[in-house]
Amino acid sequence: MIRDAKQFEAMMQEIRGFLYEECLPIEQEVDQTDRIPEPVVQRMRELGLFGHSIPEAYGGAGLTTEELALMNIEVSQVATAFRARFGGNTGIASESLVVDGTEEQKRRYLPLLASGQVTGCFALTEPQAGSDATAQKTVAVRDGEYFEITGRKCFITNAPIADLFTVFARSEPGTTGASGISAFLIERDTQGLCTPPAYRKMGQHGSPVGEVILERVRVHESAIVGGLEGRGFRTAMKALNKQRINLAGLCVGPALRLVREMVRHAQTRKQFGQPIGEFQLVQQMIAESNTEAHAARALVLETARKRDDGIDVTMEASMCKLFASEVSGRAADRAVQIFGGSGYIADNVAERFYRDVRLFRLYEGTSQIHIGNIARRTMATASI
């Protein structure tokens, strides 16, 4: 649902200007230095990028699911690290608070997240709790009105620079599976919490990812998201359901960008006395990439509209994430093929996006996990 088409397009135009005038020219620099310059981050704050999905009552833009999907498709057409810098705050790092936080928690943290004054992160994954996210080893031991939390989280986006951590831990002894897990809001300066240096990664340079170490971190029970113990995993799934639509949009953007890059190269690169774009097999790769990118875009926007209408889109969100991430990967592979040897050389746009989009098929549920989810829901609802 787009609430005010004219106002929304004005917002999009302003952000397009920022992306193509300030972000696009430094893509290579960010990839090489593994950091986004602070003046660019400050511009993100000024443009309100950190608060897109946060309700207006708490300082955000309150974008609908469809508006957010369109925005994600747009911002991901430059290097993925730029969106990752503000994406946690306007996505998974704030969504737990938005959907389940107490009013006091929302008033305290959401304005800070929306302004970009505070960077948030979503600390769910553990060394033995990836696809099986319920296999949490991090524990929260109650001590009166307090909890002591001990454990280790890994592969957490923005962990090395985060100020606010949404940490999931098993707080009810003897429970298994999804029950007994609580979500805690923990500030960086809390004693016992530390973040080692960021990982050195294959791609998405400029987007720091790392571990969160918790050693008897003591927090008051009021730090539990929503104030209700044992409901953390339910909160996580609510956040992830929306985030999978967001992430699918983030997969569409690179595919669209790569189609443009393939066309540009095919029109200027000559072999056998003619542009390679004249060869039908090159045309086939471009046509397939463009068709799949637009099919993914259509699926994402249809699902976003359904969610805005209050329809349960759990299965469709999985479909979006599965299809769009695979489409993005295929487009990147074809781009390298069309660029040929130069596409395999560092600093080439095809090589960089090839590395960057590979992660999309892993986080927020691997492709295999989503295939299983879709299959189970399809078989449970299909009539014979």
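Let us begin with a strand pairing. In this predicted model, strand β2, residues 139-143, and strand β3, residues 146-157, run antiparallel and are joined by five bridges. One pairing to look for is that of Val139, whose bridge partner in β3 is Thr150. The hairpin formed by β2 and β3 has two residues between the strands, and within this hairpin Gly144 takes a positive phi near 65 degrees.

Positive phi values also appear in residues that are not glycine. Asn158 is one of them, with a phi of about 70 degrees. Asn158 sits in the loop between β3 and β4, the latter spanning 164-170. Is Asn158 buried or exposed? With a relative accessibility of 2%, Asn158 counts as buried. Arg216 is another residue other than glycine with a positive phi, here near 55 degrees. Arg216 belongs to strand β7, and with a relative accessible area of 54% Arg216 is exposed.

I turn now to the nonpolar interior. In soluble globular proteins, nonpolar side chains tend to be buried together. The largest nonpolar core in this model has 64 residues, and the members that touch the most others are Phe18, Val40, Met44 and Phe82. Which elements give two or more residues to this core? They are α1 (5-23), α3 (38-46), α4 (65-75), α5 (80-87), α8 (232-268), α9 (280-308), α10 (314-339) and α11 (349-357). The largest share, twelve residues, comes from α8.

Let us look at Phe18 more closely. Setting aside neighbours within four places in sequence, Phe18 is in contact with Cys23, Val40, Arg43, Met44, Leu47 and Leu49. Apart from the largest core lies another, of 23 residues, including Leu113, Ala114, Val118 and Ala133.

Next, a helix pair. Two packed helices are described by the angle between their axes and the distance between the axes. For α4 and α9, the angle is about 155 degrees and the axes are 7 Å apart. These two helices are therefore roughly antiparallel to each other. On the α4 side, the contact is made by Thr65, Glu66, Ala69, Leu70 and Ile73. On the α9 side, the residues are Arg297, Val300, Leu301, Ala304, Arg305, Arg307 and Asp308.

The cysteines deserve a word as well. How many disulfides does a search of the whole structure find? The search finds zero. Cys23 illustrates the reason: the closest cysteine sulfur, in Cys251, is 19 Å from the sulfur of Cys23, which is too far for a bond. Cys23 is also buried, with a relative accessible area of 0%. For Cys121, the closest cysteine sulfur is in Cys154, at 12 Å, again too far for a bond. Cys121 is likewise buried, at 1% relative accessible area.

Finally, I would point to Glu229, found in the loop between β7 (209-220) and α8. Glu229 is partly exposed, with a relative accessible area of 28%. With neighbours within four places in sequence left aside, Glu229 is in contact with Arg142, Phe147, Ser171, Glu172, Ser182 and Ile224. Among these partners, Arg142 falls within the range of β2 and Phe147 within that of β3, which returns us to the hairpin with which we began. As for Arg107, its C-alpha atom is separated from that of Glu229 by 20 Å, and the two residues are 122 residues apart along the chain.

Key
Residues numbered from 1 in each chain as written. Predicted model: local features only at pLDDT ≥ 70, side-chain atom pairs only at ≥ 80, totals over all residues. Heavy atoms only, no water. Disulfide = S-S within 2.5 Å. Buried < 20%, exposed > 50% of the residue type's maximum accessible area, 1.4 Å probe, protein only. Pairing = 2+ DSSP bridges. Helix = DSSP H or I, 4+ residues; strand = E, 2+ residues; numbered from the N terminus. Core = buried A, V, L, I, M, F, W, Y, C linked by side-chain atoms within 4.5 Å. Contact = heavy atoms within 4.5 Å. Axes fitted to C-alpha atoms, helices over the stretch in contact; angles between N-to-C directions. Parallel < 35°, antiparallel > 145°, perpendicular 65-115°, else oblique.
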